[in-house]
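Here is a short briefing on one protein chain. Keep the picture open as you read, and find each residue as it is named.

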Amino acid sequence: METVSKELPLLRTELGDVLRSLRSLQGRTLREVSSDAQVSLGYLSEVERGQKEASSELLESICGALGVPLWFVLREVADRMMMLDETRVPDTVPDELLVEQLANLR
């Protein structure tokens, strides 16, 4: 029996994609977010491109600058990796409720 191994993306790559997507959706520049997060522009750029692993403290700071909770970013990353792995896990929290919760955080 032949086994086909899938190459899944690195966690840091997906994390960077999610952070960049959130920043782009807000219409903010890398410089604005790096300033608010008190992270160097170059380092944030590397994190967004998946070239650097962000520490939990740095990730919390970036999420704070983006105005989103850390759990939201981690959930997005988990959902993306689950889809790439073609795994289906029943979602117990409707997306509408998540959007509502995010709106109430601001």
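The chain has six helices and zero strands. Along the sequence, the pattern reads α-α-α-α-α-α. The model is predicted. Of the 106 residues in the chain, 31% are buried. Among contacts with a separation of 6 or more, 65% join residues 24 or more positions apart.

**Helix α1 against helix α5**

- Helix α5 covers residues 70-84, and helix α1 covers residues 11-25.
- The axes of α1 and α5 come within 9 Å and cross at roughly 125 degrees.
- Angles of 65 to 115 degrees count as roughly perpendicular, and over 145 as roughly antiparallel. The angle here is roughly 125 degrees, so α1 and α5 are oblique to each other.
- The crossing of these two helices is right-handed.
- On the α1 side, the contact is made by L11, E14, L15, D17, V18, L19, S21 and L22.
- On the α5 side, F72, V73, E76, V77, R80, M81 and L84 take part.
- By class, this contact has 10 nonpolar, one polar and four charged residues.

**A closer look at E14**

- E14 sits in helix α1. Is E14 buried or exposed?
- Buried means under 20% relative accessible area. E14 has 8% relative accessibility, so E14 counts as buried.
- Which residues does E14 contact, leaving aside neighbours within four places in sequence? They are P9, V77, R80, M81 and L84.
- V77, R80, M81 and L84 also belong to the α5 side of the contact with α1.

**Helix α2 against helix α3**

- Helix α2 spans residues 30-37, and α3 spans 41-48.
- Their axes come within 9 Å and cross at roughly 110 degrees.
- An angle of 65 to 115 degrees counts as roughly perpendicular, and α2 and α3 therefore fit that description.
- α2 passes α3 in a right-handed crossing.
- From α2, the contact is made by L30, R31, V33 and S34.
- From α3, the partners are L41, L44, S45 and E48.
- By class, four residues of this contact are nonpolar, two are polar and two are charged.

**The loop between α2 and α3**

- Q38 is found in this loop, and V39 lies there too.
- Most residues other than glycine have a negative phi.
- Q38 is not a glycine, yet its phi is positive, at about 55 degrees.
- Q38 counts as exposed, because its relative accessibility is 74% and the cut-off for exposed is over 50%.
- V39 counts as buried, with 10% relative accessibility.
- Not counting residues up to four places away in sequence, V39 touches S34, L44, L58, S61 and I62.
- How many residues apart in sequence are V39 and I62? They are 23 residues apart, and their C-alpha atoms are 7.9 Å apart in space.

**Salt bridges**

- Side chains of opposite charge can pair when their charged atoms come close.
- How many salt bridges does a search of the whole structure find? It finds six, and three of them are described below.
- R23 and E48 meet through their side chains in a salt bridge, at 2.7 Å from N to O.
- R23 lies in helix α1 and E48 in helix α3, so this pair ties together parts that are 25 residues apart in sequence.
- R23 counts as buried at 12% relative accessibility. E48 counts as buried as well, at 4%.
- D17 forms a salt bridge with R20, with the closest N and O atoms 2.6 Å apart.
- Why are D17 and R20 separated by about one helical turn? The reason is that they are three residues apart in helix α1.
- D17 is partly exposed, with a relative accessible area of 22%. R20 counts as partly exposed too, at 29% relative accessibility.
- E53 forms a salt bridge with R12, and the closest N and O atoms are 3.6 Å apart.
- This pair links distant parts of the chain, 41 residues apart. E53 is in the loop between α3 and α4 (56-66), while R12 is in helix α1.
- R12 is partly exposed, with a relative accessible area of 27%.

Definitions and conventions: Residues are numbered from 1 along each chain as its sequence is written. This is a predicted model: local features need pLDDT of at least 70, side-chain atom pairs count only at pLDDT 80 or more; totals for chains, interfaces and linings use all residues. Side-chain values use heavy atoms; hydrogens and water are left out. A salt bridge is a side-chain nitrogen of Lys or Arg within 4 Å of a carboxyl oxygen of Asp or Glu. Helices (H or I, at least four residues) and strands (E, at least two) are DSSP runs, numbered from the N terminus. Buried means under 20% relative accessible area, exposed over 50%, partly exposed in between (1.4 Å probe, protein chains only). Contact means heavy atoms within 4.5 Å. Axes are lines fitted to C-alpha atoms, for helices over the stretch in contact, and angles run from 0 to 180 degrees between N-to-C directions. Angles under 35 degrees count as roughly parallel, over 145 as roughly antiparallel, 65 to 115 as roughly perpendicular and the rest as oblique. A crossing is left-handed if the near helix is turned anticlockwise from the far one by less than a right angle, and right-handed if clockwise. Ala, Val, Leu, Ile, Met, Phe, Trp, Tyr, Cys and Pro count as nonpolar, Asp, Glu, Lys and Arg as charged, and the others, Gly among them, as polar.
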